Amino acid sequence: MTSDPTPPASPDDAALDSLSALGEGTRRQMFSFIRRARRPITRDEAAASVGISRKLAAFHLDKLVDVGLLRARYASPTGVRKVGRQPKVYEATDTPIQVSIPDRRHEFLADLLVQAVVTEGEDETAAQAAVRTAGQRGQELGQSERARLRPGRLGAERGLTLCERMLEQHGFEPAREAPDRLRLRNCPFHPVAAQAPDLVCGMNHAFLSGYLQGLHAPGVQAVLAPLPGECCVELRHTATVTPTTTVTGMPTTTLTPAADDTTQAT
């Protein structure tokens, strides 16, 4: 059995690094100048835009490259190739910056719903298509993680550990309450989930169940166990699962919508 590779940096870490880089005023002004220019900008142009030396501009520009806000290459800013060494030019990337505390992943939920709409079968309702799509996406993610990590046969405890990494990256704020149980302290889809808690919780349950299936972690099961202020799904060792709300296309219980960030449902 091979050791697990170091997990990639989370989107939250990358966003915080970007915000930190833009905290310096001169650097922020240069970044805005380059974004508005819509063309490659040289160090001399960037320096002139804020009235600093070329050397200091290079320092700030390379910091922005390090966090992924700019990309750099050697080329003529006019697009006309000249004899001799090309200057280093900078362009803005399309990387969005979004930070939310607690974490929110509305774009992920929207992507699932759009996919459900365009693939809805004649024998499905919209809600059933949404749950199916969420389960398929979870399974694909689990299969991808298994191919990347090559963990071999997964026992229940290690299966929970691998799930914990994924859940952290997706904003669920997992908490290991016991060796055989993993609670999800945050709903990444709040407050949208409060508008249709049965639908969103059904999609959430299907997504996590699909992930476990794709990961080949038979010793772990996703179950509906709603608690005030937390995600309504938790992960447990299969041997410790007790009868609870089940999902067959949609949850059978009606969940109380969250009023604010301290009382969430999903």
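## The S4-S5 hairpin

In this predicted model, Ala175 lies opposite Arg183 of strand S5. The two strands involved are S4, residues 174-178, and S5, residues 181-184, and they run antiparallel with 3 bridges between them. The connection from S4 to S5 is a hairpin of 2 residues.

## The three-stranded sheet

Another part of the chain forms an open sheet of 3 strands in the order S1-S3-S2, and the pairing is antiparallel. Strands S1 and S2 (70-74) are at the edges with a single partner strand each, so each has one side without a neighbour in the sheet. Strands of a sheet are held in register through backbone hydrogen bonds, in either a parallel or an antiparallel sense.

The pairing of S2 with S3 (residues 88-92) is antiparallel and runs over 5 bridges. Within this pairing, Tyr74 has Lys88 of S3 as its bridge partner. Helix H4, residues 54-66, packs on the sheet and touches both S2 and S3. The direction of H4 makes an angle of about 115° with that of S2.

## Helix H6 and its surroundings

Helix H6 covers residues 126-149, 24 residues in total. From the first C-alpha to the last, H6 reaches 35 Å, close to the 34 Å expected at 1.5 Å a residue.

The buried residues of H6 include three glycines, Gly135, Gly138 and Gly142. Also buried are Ala129, Ala130, Val131, Thr133, Ala134, Glu145 and Leu149. The cover over these buried positions includes helices H5 (106-119), H7 (156-169) and H8 (197-215).

Glu145 is a charged residue in helix H6. Its relative accessible area is 15%, under the 20% limit, and Glu145 therefore counts as buried. Leaving aside residues up to four places away in sequence, Glu145 touches Arg150, Tyr211 and Leu215.

## The loop from H6 to H7

Arg150 comes just after H6 and belongs to the loop between H6 and H7. The phi of Arg150 is near 45°, which is a positive value in a residue other than glycine. With a relative accessible area of 65%, Arg150 is exposed, although this arginine is among the residues that Glu145 touches.

Gly155 is found in the same loop, between H6 and H7. Its relative accessible area is 40%, so Gly155 is classed as partly exposed. Which residue lies 9.4 Å from Gly155, C-alpha to C-alpha, while being 82 residues apart from it in sequence? That residue is His237.

## A second arginine with positive phi

Arg38 also has a positive phi, near 60°, and is likewise a residue other than glycine. Arg38 sits in the loop between helix H2 (25-37) and strand S1 (41-42). Is Arg38 buried or exposed? Its relative accessibility is 70%, so Arg38 counts as exposed.

## Aromatic pairs

Across the whole structure, a search finds 3 aromatic pairs. In one of them, Phe108 and Phe207 have ring centres 5.4 Å apart and planes at 70°, so the pair is edge-to-face. Phe108 belongs to helix H5 and Phe207 to helix H8, and the pair links distant parts of the chain, 99 residues apart. Phe108 is buried at a relative accessible area of 16%, and Phe207 is buried at 3%.

Phe172 and Phe189 form an edge-to-face pair as well, with 6.4 Å centre to centre and 90° between the planes. Phe172 is in the loop between H7 and S4, while Phe189 is in the loop between S5 and H8, 17 residues apart. Both of these phenylalanines are buried. Which residues make up the aromatic cluster? Phe108, Phe172, Phe189 and Phe207 form one cluster.

Definitions and conventions. Residues are numbered from 1 along each chain as its sequence is written. This is a predicted model: local features need pLDDT of at least 70, side-chain atom pairs count only at pLDDT 80 or more; totals for chains, interfaces and linings use all residues. Side-chain values use heavy atoms; hydrogens and water are left out. Helices (H or I, at least four residues) and strands (E, at least two) are DSSP runs, numbered from the N terminus. The expected span of a helix is 1.5 Å times one less than its number of residues. Buried means under 20% relative accessible area, exposed over 50%, partly exposed in between (1.4 Å probe, protein chains only). Contact means heavy atoms within 4.5 Å. Two strands pair if DSSP finds at least two bridges between them. Axes are lines fitted to C-alpha atoms, for helices over the stretch in contact, and angles run from 0 to 180 degrees between N-to-C directions. Rings of Phe, Tyr and Trp (its six-membered ring) pair if their centres lie within 6.5 Å; planes under 30 degrees apart count as stacked, over 60 as edge-to-face and the rest as tilted.
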